[in-house]
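This report is a first description for a reader who has not met the structure before. Please look over the sequence and the model before reading on.

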Amino acid sequence: MAESEKIDTDDSGEDAGGVFANESRRTFMKKGALATGALALGLGSAGTAVAQDTDSVLVYTYAYHPNVPFRVTNALEQSTTVRLLERPGGGDVDEISQPDDYSGWVIRYDLGGRNGAITTIMFSRDASFSQGDRRRFSGDATVFSSQLNLLSTTVRNPE
């Protein structure tokens, strides 16, 4: 490398701009642009096989723990599901006009011991689960209903 091409690095091997000394700034920028494009297309590290094996669900905001495995312990009765998806005291929320279109399930997070388990409820209009199914919530969630304190997210099989 000629004197004019030397890159000033610190002890980590990076120059002041964060580029490693053995790769050019242009190569570094190309890699960054490709990675950004792949993430924008949904081709991140989760892989396309995982993305195809997901179901949309609703979960209470305080009970949303992404990427923590859980087990479906039981299905809720339809009347209980409907009551939980209505305003307190009755009446529909704007986001759910037909609460009887949804199914509800009791889930328990697998935290590695019996004493520290978290049990909560999830709902879905399209997905179906069975007792004993193991899943985990994705890391992406959006507010579905602020009145009911529900998030919309997806579940996938644990890895």
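The text below goes from the overall make-up to the barrel, then to the aromatic residues and two further residues.

## Overall make-up

The model described here is predicted. The protein has three helices and six strands. Along the sequence these elements follow the order α-α-β-β-α-β-β-β-β. Of its 159 residues, 28% are buried. The accessible surface is about 10,200 Å², and carbon and sulfur atoms account for 48% of that area. If one takes the contacts between residues at least 6 apart in sequence, 60% of them join residues at least 24 apart.

## The barrel

Six strands form a closed barrel in the order β1-β4-β3-β2-β5-β6, and the pairing is antiparallel. From one strand to the next, the twist averages 45 degrees. In general, strands of a sheet pair through backbone hydrogen bonds, in a parallel or an antiparallel sense.

Several of the pairings can be followed residue by residue. Strand β1, residues 54–60, is joined to strand β6, residues 150–156, by seven bridges, and the two run antiparallel. Within this pairing, Val-57 has Thr-153 of β6 as its bridge partner.

Strand β3 covers residues 103–109, and five of its seven residues are buried, so this strand is largely enclosed by the rest of the structure. Strand β2, residues 69–75, is antiparallel to β3 and connected to it by five bridges. Here Ala-75 has Trp-105 in β3 as its bridge partner. The pairing of β3 with strand β4, residues 119–124, is also antiparallel and extends over six bridges. In that pairing Ile-107 is placed opposite Thr-120 of β4.

## Aromatic residues

A pair of aromatic rings is described by the distance between the centres and the angle between the planes. The structure contains seven aromatic pairs. Two of them, both involving Phe-137, are set out here.

| Pair | Centre to centre | Angle between planes | Location | Separation in sequence |
|---|---|---|---|---|
| Tyr-64 and Phe-137 | 6.1 Å | 50 degrees | Tyr-64 in the loop between β1 and β2, Phe-137 in strand β5 | 73 residues |
| Phe-70 and Phe-137 | 4.7 Å | 35 degrees | Phe-70 in strand β2, Phe-137 in strand β5 | 67 residues |

The planes of Tyr-64 and Phe-137 stand at 50 degrees, so the pair counts as tilted. The pair of Phe-70 and Phe-137 is tilted as well. Each of the two links distant parts of the chain.

How buried is Phe-137 by relative accessibility? The value is 0%, so Phe-137 counts as buried. Phe-70 is buried too. Tyr-64 has a relative accessible area of 15%, and because the limit for a buried residue is under 20%, Tyr-64 is also buried.

Ring pairs join Tyr-64, Phe-70, Tyr-109 and Phe-137 into a cluster. Tyr-109 belongs to strand β3 and is buried, with a relative accessible area of 2%. Beyond its neighbours within four places in sequence, Tyr-109 is in contact with a list of residues that includes Tyr-64, Phe-70 and Phe-137, together with Ala-63, His-65 and Thr-120. The side chain of Tyr-109 also reaches the backbone oxygen of Ala-63, at 2.5 Å. Between Tyr-109 and Val-72 the C-alpha to C-alpha distance is 8.9 Å, while the two are 37 residues apart in sequence.

## Two residues of strand β5

Ser-138 is part of strand β5, residues 134–145. With a relative accessible area of 11%, Ser-138 is buried. A polar atom of the Ser-138 side chain lies 3.1 Å from the backbone oxygen of Asp-140. Apart from neighbours within four places in sequence, Ser-138 is in contact with Tyr-64, Pro-66, Thr-153 and Thr-154.

Arg-135 is also found in strand β5. Is Arg-135 buried or exposed? Arg-135 has a relative accessible area of 15%, so it is buried. The side chain of Arg-135 makes a polar contact of 3.2 Å with the side chain of Asn-157. Not counting residues up to four places away in sequence, Arg-135 touches several others, among them Val-68, Phe-70, Phe-129, Val-155 and Pro-158.

Key
Residues numbered from 1 in each chain as written. Predicted model: local features only at pLDDT ≥ 70, side-chain atom pairs only at ≥ 80, totals over all residues. Heavy atoms only, no water. Helix = DSSP H or I, 4+ residues; strand = E, 2+ residues; numbered from the N terminus. Buried < 20%, exposed > 50% of the residue type's maximum accessible area, 1.4 Å probe, protein only. Polar contact = N/O pair within 3.5 Å; in protein donor to acceptor, adjacent residues only side chain to side chain. Contact = heavy atoms within 4.5 Å. Pairing = 2+ DSSP bridges. Axes fitted to C-alpha atoms, helices over the stretch in contact; angles between N-to-C directions. Phe/Tyr/Trp six-rings, centres within 6.5 Å; stacked < 30°, edge-to-face > 60°. Areas by Shrake-Rupley, 256 points an atom, 1.4 Å probe, with all protein chains shown as cover.
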